[in-house]
Protein chains: 2
Amino acid sequence: MSADLASQLSLDHGGKILLAIMDGIGDIPIPQFGGLTPLEKANTPNMDKLTSDGALGQHLPVARGITPGSGPGHLAVFGYDPVKFLVGRGALAALGIGFQLQHGDLAARINFCTLGENKVILDRRAGRISTELCTELVESLKGITIPGVEIFVEPVKEHRACVIFRSKGLSDSIHDTDPGLVGELPLGVIATAKGAEFTVGVVEDFISQSSEILRGKVPANGLLLRGFALHEEMPTLTDRFKLNPAAVALYPMYRGVASLAGMEQYDSVPADLSGEVKAAKKAVMDGKDFVFLHHKYTDSSGEDGDYERKVREIEKFDNAIPGLLECGFDVICITGDHSTPCPMKLHSWHPVPVLIYGGPQRAGWSARFTEREASVGALGTFHGHELMALLLAAAGRLAKFGA
Amino acid sequence: MSADLASQLSLDHGGKILLAIMDGIGDIPIPQFGGLTPLEKANTPNMDKLTSDGALGQHLPVARGITPGSGPGHLAVFGYDPVKFLVGRGALAALGIGFQLQHGDLAARINFCTLGENKVILDRRAGRISTELCTELVESLKGITIPGVEIFVEPVKEHRACVIFRSKGLSDSIHDTDPGLVGELPLGVIATAKGAEFTVGVVEDFISQSSEILRGKVPANGLLLRGFALHEEMPTLTDRFKLNPAAVALYPMYRGVASLAGMEQYDSVPADLSGEVKAAKKAVMDGKDFVFLHHKYTDSSGEDGDYERKVREIEKFDNAIPGLLECGFDVICITGDHSTPCPMKLHSWHPVPVLIYGGPQRAGWSARFTEREASVGALGTFHGHELMALLLAAAGRLAKFGA
């Protein structure tokens, strides 16, 4: 709603916006920290300064009580209602490696795995084989042909690859073939809705041919398919908000969701926060007026339940802020795509703290960027996809509604 | 949504409600006030008392990040979702001078202007001519005739007038002829959508005839048209909430939007807050059970960036409260139609503080009517068009939903 109106009212000029995502930043009290969250425990002098000169709030990525995947979480903060704009993991993986998906392509993630006798799964990740071996295996699969279907197989990282089927009439109503457990057989190709019969045949043929090719290869003698997703183009941030957007992210997944939103990718050299700051600076110098910058490791540490490491990752991000302040942004937003509480070791539904610095704000109400202060901040509690309107407004990029 | 339910559940009896609007009341911290807002800076013993005996909250007139014009801002607090009920400025201007618009009428605002050689605009407001001269010019334009179209030209104030075209098949997809700049020619009559060809011809004819009539008149020898709006009737507050509503407002614009909602106009003598209080009292004595009272100057001072004057206008309004308390209202709500932060000199998207006094409230939670206390008040944060349900509820005018 807010994003639709913002789309109608967007101006093609105004301030430059940085949207910095600390992935999975939201957390819950950690008993070992005496009930403080990692954000509360961390030493964050730079974010504290932005907080007292800016305003806090919190966003619900999807809806109350709903835990988002990384795709919906990011789409939301890019201004897309994730309930309307669904993107499968397979499509994100393909986009993330720079594969130019076309409207109607069916993408799925491949996990190379180790199968034992009778094809029982012994290791769902084939001992996390090297990316080099993954690339070799992918090459061997490029010989697969299915009449009437173009097939692209691409390596991703370690045991992960992806496959894209291109043909008319494909469906993504296909269940994962990965049962999610070792000691089980891979699942057959099962349609989850009517009209997927043709696709079932195509995928069965692909699995059958790949089984022949991989037979006897150690340790990766099988594959599992997950996250079937039909690619549908969506309006970009340029279409919707008249932005000239850029993305700075190290991981394929986040590059993928950014490219869905029409962002130009900027590479980080070195591949760490210092390189990301440099890339953000270059994007601004190139005339980009919206930069998405992604910090992954707050999420990884949360998923590992490593609260001490999450604190260090927050502090690392805080150290990068002076560099970001020098890039020439008019509005800086720091938030996450979802919460990943360390005690849960999982994504969660908890609201995600938001800091907006720049533009006219009810500043001076908050002192530290924490879940608790954000919950009573001047910006209030809102849906993730409403964030974009607040950023565009702060940057002077929205016209008035009505006379 | 809330207003739709409130409409279904409305009772034809209950308490009397005052909705007092301090136009543009919301603000942001003023550096010269040490970070206080005008509301925080002002001395407001009467509102403080209502606050501690009532409850605070804040409303979003349209949506997060969206800045409303005066029309949408007022419609919202009258219980109309402003995204569904759109009203153009021309229609508001016509309604504001008491012109009885009919369904399908096309209204536009006229600015008399000064044109130089080759018709270049020298002054978009013709030196703000007197209302007397405006009335004379309007009389001279009443000779214009266009076959098949009824034309009404009416003076508003100073250089401002309005024109209403009455015919079948009119469209308001017509661009302003005011380019918004001096040194430019008035724009031609441009359709902004298909199906406006007939209207383009009518408006061109009107401009052509008026040019002949105004030729050589000093300083107002031309006119600019703005805010084309087709009038569509909307359900009144009587239709929707079984109210018998009145409006007390000094300015045409606000009288206009009030009459759209079916409110009877009460004149203020003298034309200031003291007169407005008298008019409100008379309305209650006449049996009105809903009175909208409008205080303009908090907005004007905000638009001028004059934070000291905004404080004085807040204090003037506070001084009027004892008089309002004597009128016999059961529920008194004080809020704004939008924020007009002095540092911005513009309407803004910031939430607007709301005070409700009367009826069963979670009272005693707040001490002063300020943006900050309102942001964490008992009423919470809600959409402007949900306010009406809270007022009707407080006045005992809503039935229970479901058994």
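## Exercises on helix packing and chain symmetry

In this predicted model, helix 10 of chain B crosses helix 12 of chain B in a right-handed sense. Let's start with that pair.

**Exercise 1.** Work out whether helix 10 and helix 12 of chain B run roughly parallel or roughly antiparallel, and find which residues make the contact.

*Solution.*
- Step 1: take the geometry. Helix 10 covers residues 273-285 and helix 12 covers residues 307-325; in chain B they pack at about 25°, and their axes are 10 Å apart.
- Step 2: apply the cut-off. Angles under 35 degrees count as roughly parallel, so helix 10 of chain B is roughly parallel to helix 12 of chain B.
- Step 3: list the residues. Helix 10 of chain B brings Leu273(B), Val277(B) and Ala280(B), while helix 12 of chain B brings Lys316(B), Phe317(B), Ala320(B), Gly323(B) and Leu324(B).
- Step 4: sort them by class. This contact has six nonpolar residues, one polar and one charged.

**Exercise 2.** Do the same for helix 5 and helix 9 of chain A: what is their angle, and how far apart are their axes?

*Solution.*
- Step 1: helix 5 (residues 89-96) and helix 9 (residues 252-260) of chain A pack at about 95°, with 7 Å between their axes.
- Step 2: the range for roughly perpendicular is 65 to 115 degrees, so that's what helix 5 and helix 9 of chain A are to each other.
- Step 3: on the helix 5 side of chain A you'll find Leu92(A), Ala93(A), Leu95(A) and Gly96(A); they meet residues of helix 9 of chain A including Pro252(A), Met253(A) and Arg255(A).
- Step 4: the class count for this contact is seven nonpolar, three polar and one charged.

**Exercise 3.** Now look between the chains. How many residues does each chain put into the contact, and which element of chain A gives the largest share?

*Solution.*
- Step 1: chain A contributes 24 residues and chain B contributes 33.
- Step 2: in chain A, helix 1 (2-9), strand 13 (380-383) and helix 14 (387-394) each supply at least two residues.
- Step 3: helix 14 of chain A has the largest share, with four residues.
- Step 4: by class, the chain A side holds 16 nonpolar, five polar and three charged residues.

**Exercise 4.** What kind of axis relates chain A to chain B?

*Solution.*
- Step 1: chain A superposes on chain B after a rotation of 123° with a 0.2 Å shift along the axis, at an RMSD of 0.3 Å.
- Step 2: that is the relation of a three-fold axis.
- Step 3: within chain A, Val376(A) has the C-alpha nearest the axis, at 3.8 Å.
- Step 4: the copies use different surfaces, as 4% of the contact residues of chain A recur in chain B.

How values were computed:
Residues are numbered from 1 along each chain as its sequence is written. Chains are lettered from A and ligands numbered from 1 in the order in which they are written. This is a predicted model: local features need pLDDT of at least 70, side-chain atom pairs count only at pLDDT 80 or more; totals for chains, interfaces and linings use all residues. Axes are lines fitted to C-alpha atoms, for helices over the stretch in contact, and angles run from 0 to 180 degrees between N-to-C directions. Angles under 35 degrees count as roughly parallel, over 145 as roughly antiparallel, 65 to 115 as roughly perpendicular and the rest as oblique. A crossing is left-handed if the near helix is turned anticlockwise from the far one by less than a right angle, and right-handed if clockwise. Two residues are in contact if their C-beta atoms, placed from the backbone, lie within 7 Å. Ala, Val, Leu, Ile, Met, Phe, Trp, Tyr, Cys and Pro count as nonpolar, Asp, Glu, Lys and Arg as charged, and the others, Gly among them, as polar. Copies are superposed by least squares on the C-alpha atoms of residues with pLDDT of at least 70 in both.
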